[in-house]
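Please prepare a short briefing on the structure shown below. It should be suitable for a first-year student and should group its points by topic.

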Amino acid sequence: MLSIHSARKRGRNGKIGLAIAGGGPIGGMYELGALRAMDEALDGLDLTRMDCYVGVSSGAFLAAGLANRMSTAEMCRIFITGTSDDAEFRPETFLRPNVGEYLRRAATLPALYGDWLSRLLRNPRKAARWSDMFLRFGGLVPTGIFDNAGVERFLRDIFSRRGRSNDFRELEADLFVVAVDLDSGEAVRFGEEGWDDVPISRAVQASSALPGLYPPVEICGRHFLDGALRRTMHGSTVLERGIDLMIGINPLVPFDANHAAPHADEAEQVGLASGGLPAVLSQTLRTLLQSRMQIGMEKYPHQFPDIDQLVFEPNATDSELFFTNLFSFSSRHRVCQLAYRNTLADLRKRADVLRPMLAAHGIRYRDGIVDDRHRSILDGLDVTPRMTETTARLRRALDDVDQVVSRRRASLVKA
C-alpha cells in the first residue's frame, strides 16, 4: 500500500529524506525488505547517500546503518542470509533475560516487606487491600523482560569498523534517532544540537526500548523509551529540513480480516477475537500507531505542499504479516521477502504517477526488476569477496572519489 502526495511546486535542491518508523523486530525486517526493493528497482536513488534520515525504534537500526553507508544488500546479508563477513547476527543477543535488574529488585524485597508489615499493623484494612499491595510491591517487577545492553554493544561494534562512525557529528548526512523521556513524555531527537554527542548505538538502544520488553535507557541522567510512544514515523523531522522528496516506511497497519483471503488460521475465519488476547493487542497496537501516522500525513501536504511525499506500508489484508509474532526473529526472511514483493508491486501499480515524479528528482525505474513478478530478495544478494578492515576502508575511499567525480561531471554538464 503506497500513499502519494505530489508537490504543488517542486524545488530544485535535489535533496531527499528518509523516515523509517518502528514495529518491533518483524517491523524492522519488513522495512529492510521494502528498502531493498527500492534500492534495486530505482536507478538514481542511493539510500546510503540521502540528505537526511530519521529512525524510530526498529527503524532507527536501519536509518543508522544507511547513514553509515551500509548498503541494503549488506544488511540483508547480516540479518537475513547470515553470509556477511562484516557482522554476525545472533537473535539470542537481543533476547537475553534481564537478570541483573531481576536480582537488583529482588534484593529490595526485605525492605519492602518490612515497610508493608509495619503499615499492616497500623492500618490492617488499608494495607491488606489488593490495590495497596500492588502499588507497594510493584517495584519488584522489572521494567523490561530482556536486557537491551546487547543491542548497544552490537551496534557499537559495527559502527566502530570499516570507516563507519558511532558519532552523529562525523556523519556526512543528518541522522536523527527519536526516543521519549519516561519522566516527561518529551520526544528527544538524538543527532540534534545538544543531543549529538550521544553515541549513535546508545541512541538506537533508547529509541528501541519498547516498554515491557526492554528497560528504559539512561542517558545524561534521564530515562528514555521507544520513540514511537509519541509519533509513529516522525516524518516532520525530515520535512522541516529543506528536502524535495520524502520517502517513508511504516511496517504496521491494522489487519482487515473482513476482506482477507481465506486462510487455514481459524482466527481469520471467525474474527480476530477468536485469536485471544495476543490478536486483540496486536490489532490495537497497529490501529493506534497507524491512526497517529495518518493524522500527521493528512497535515503534511498542507504544511509542506512543495515536497513530494511517498509512504510505503503493508497491505491491510496481509494475514501472513499480521499473524507473525512482532518480536520473533525466526520469520525474518519470510517477512523481508513479503515486503520486497509488496514494494515492487506498489511501484508497478502506481507507475503512471511515480515515473514523472521520481524523474524530477533524477530517479528512474529499472523496468526489468520492477516488472519481474517472480523476483526474490535473494536474487541480488551475491556473496561479496571477503574484505579486511584495510580493504573495506579503501573501497569506501574509492567510492567517495567516484562520487566527487560524478558530481563534478554533472555540474559541468549543467554549465
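**Covered helices**

The buried residues of helix α9 are I200, S201, A203, V204, Q205, A206 and S207. Helix α9 covers residues 200-207, and 7 of its 8 residues are buried, so the helix is mostly covered, given that buried means under 20% relative accessible area. The model described here is a predicted one.

- Helix α1 is made of residues 24-41. In α1, 18 of the 18 residues are buried, so this helix is largely enclosed by the rest of the structure.
- The length of α1 can be checked against expectation: at 1.5 Å a residue, its 18 residues should span 26 Å. The end C-alpha atoms of α1 are 26 Å apart, which agrees with that expected span.

**Paired strands**

- Strands β5 and β8 run antiparallel and are joined by 3 bridges. Within this pairing, V180 stands opposite L225 in β8.
- Strand β7, residues 217-219, also runs antiparallel to β8, and 3 bridges join the two. Here V217 stands opposite F224 in β8.
- A hairpin is formed by β7 and β8, with 2 residues between them. In the turn, C220 has a positive phi of about 55 degrees.

**Loop residues with positive phi**

- R162 is found in the loop between α8 (149-158) and β5 (174-181). Its phi is near 55 degrees, a positive value in a residue other than glycine.
- With a relative accessible area of 9%, R162 counts as buried because the cut-off is under 20%.
- H234 lies in the loop between β8 (222-226) and α10 (236-239). The phi of H234 is near 55 degrees, again a positive value in a residue other than glycine.
- The relative accessibility of H234 is 5%, and therefore H234 is buried.

**A nonpolar patch on the surface**

- L277, V280 and L281 make a nonpolar surface patch of about 280 Å².
- L277 is located in helix α12, which comprises residues 276-303.
- Is L277 buried or exposed? L277 is exposed, because its relative accessible area of 57% is over the 50% cut-off.
- An α-helix has 3.6 residues a turn, so residues three or four places apart point the same way. This spacing is useful to keep in mind when viewing the patch made by L277, V280 and L281.

Key: Residues numbered from 1 in each chain as written. Predicted model: local features only at pLDDT ≥ 70, side-chain atom pairs only at ≥ 80, totals over all residues. Heavy atoms only, no water. Patch = residues over 30% accessible without salt bridge, like charges linked within 9 Å, V, L, I, M, F, W, Y side chains within 5 Å. Areas by Shrake-Rupley, 256 points an atom, 1.4 Å probe, with all protein chains shown as cover. Salt bridge = Lys/Arg side-chain N within 4 Å of Asp/Glu carboxyl O. Helix = DSSP H or I, 4+ residues; strand = E, 2+ residues; numbered from the N terminus. Buried < 20%, exposed > 50% of the residue type's maximum accessible area, 1.4 Å probe, protein only. Expected span 1.5 Å × (residues − 1). Pairing = 2+ DSSP bridges.
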